[in-house]
Amino acid sequence: MKEPAPLRKDPLLSVAGLTAGYSGMRVLRNVSIEVFPAEIVAIVGSNGAGKTTMLRALSRLIPCTGSIVFDGRDLVPMTPDQAFAAGLVQVPEGRQLFDRMTVEDNLLMGAYLRKDKAAITRDLEKMYSLFPILGERKHQLAGSMSGGEQQMCAMARALMAEPRLLMIDEMSLGLAPIVVDQLVDALVAIRDQGVTVLLVEQDVYLALESADRAYVIETGAVAHSGKASVLIDDPAVRQAYLGL
């Protein structure tokens, strides 16, 4: 993996004491993380640990307490639309494409808040360069593509929104290893172009191999954190998550 761009001193995203859940049930407990510009940060842990809940809280889809500061702005009082407009864009688990729309129309939906038509056209070509199969399938209905192609389409649609922070939920779920490798290569290219990535992954080994830094979530709290290259060799992480 290429070395990331030098990190700015101040974090792009700073989360402190985040607590969130559903219907009175607390899922996240006092979670604190930082994400710096132009890096890939992974949130890993077993199924049900609270990873998706964290993304939903950051996207302002569910209520929470604590502090969420994004590029100096307080996200907690924002609506989901306001958080999206601020530059937090999520690729949801399961992709959630518009199946009966073409690939290109799906990508254009990602740019629905943008007015710069010439730049939108340029960015479309960038997406077709990043994911060549989408250029070949741009007039095909999105729902007729394979799972891997749909994941590429969902990521490209999110990138069309010009995210400051791209949040991806379970990128590799149900996909063949060769497709996952292509997606990881795309993540690194995105990072190298200055887009910050927050990757939520149940495949701990994949996430730690792909990320610059990582947080391990256990039962709604941060259990381990640090450089991904260090965590992948941590005996506790290897025994609990890598089966080693």
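This is a short talk on the salt bridges of one predicted model, with a few words on helix α1 at the end.

Let me start with the count. Searching the whole structure gives 10 salt bridges. I will go through three of the pairs and one network.

The pair to begin with is Asp71 and Arg164. Their side chains form a salt bridge, with an N to O distance of 2.8 Å. Where do the two residues sit? Asp71 is in the loop between β4 (64-70) and β5 (73-74), and Arg164 is in the loop between α6 (147-159) and β7 (165-169), so the salt bridge ties together parts that lie 93 residues apart in sequence. As for exposure, Asp71 is partly exposed at 35% relative accessibility. Arg164 is also at 35%, and counts as partly exposed.

Next, Arg137 and Glu149. These side chains meet in a salt bridge as well, at 2.9 Å from N to O. Arg137 lies in the loop between α5 (132-136) and α6, while Glu149 is in helix α6 itself; the two are 12 residues apart, and the pair links distant parts of the chain. Are the partners buried or exposed? Arg137 is partly exposed, with 24% relative accessibility. Glu149 has a relative accessible area of 14%; the cut-off for buried is under 20%, so Glu149 counts as buried.

The third pair is within one helix. Lys126 and Asp123 form a salt bridge whose closest N and O atoms are 3.7 Å apart. Both residues belong to helix α4 (residues 117-130), and the spacing of 3 residues is about one turn of the helix. Why does that spacing suit a pair? An α-helix has 3.6 residues a turn, so residues three or four places apart point the same way. On accessibility, Lys126 is exposed at 53%, whereas Asp123 is buried at 13%.

This pair is also part of something wider. Which residues make up the network? Salt bridges link Arg114, Asp116, Asp123, Lys126 and Glu162. The general background is plain: side chains of opposite charge can pair when their charged atoms come close.

Last, helix α1, on the subject of burial. The helix covers residues 51-58 and is mostly covered, with 6 of its 8 residues buried. The buried residues are Lys51, Thr53, Met54, Leu55, Ala57 and Leu58. After α1 comes Arg60, which has a positive phi, near 70°.

To close on the pairs: Asp71 and Arg164 join two loops, Arg137 and Glu149 join a loop to helix α6, and Lys126 and Asp123 both lie in α4.

Definitions and conventions
Residues are numbered from 1 along each chain as its sequence is written. This is a predicted model: local features need pLDDT of at least 70, side-chain atom pairs count only at pLDDT 80 or more; totals for chains, interfaces and linings use all residues. Side-chain values use heavy atoms; hydrogens and water are left out. A salt bridge is a side-chain nitrogen of Lys or Arg within 4 Å of a carboxyl oxygen of Asp or Glu. Helices (H or I, at least four residues) and strands (E, at least two) are DSSP runs, numbered from the N terminus. Buried means under 20% relative accessible area, exposed over 50%, partly exposed in between (1.4 Å probe, protein chains only).
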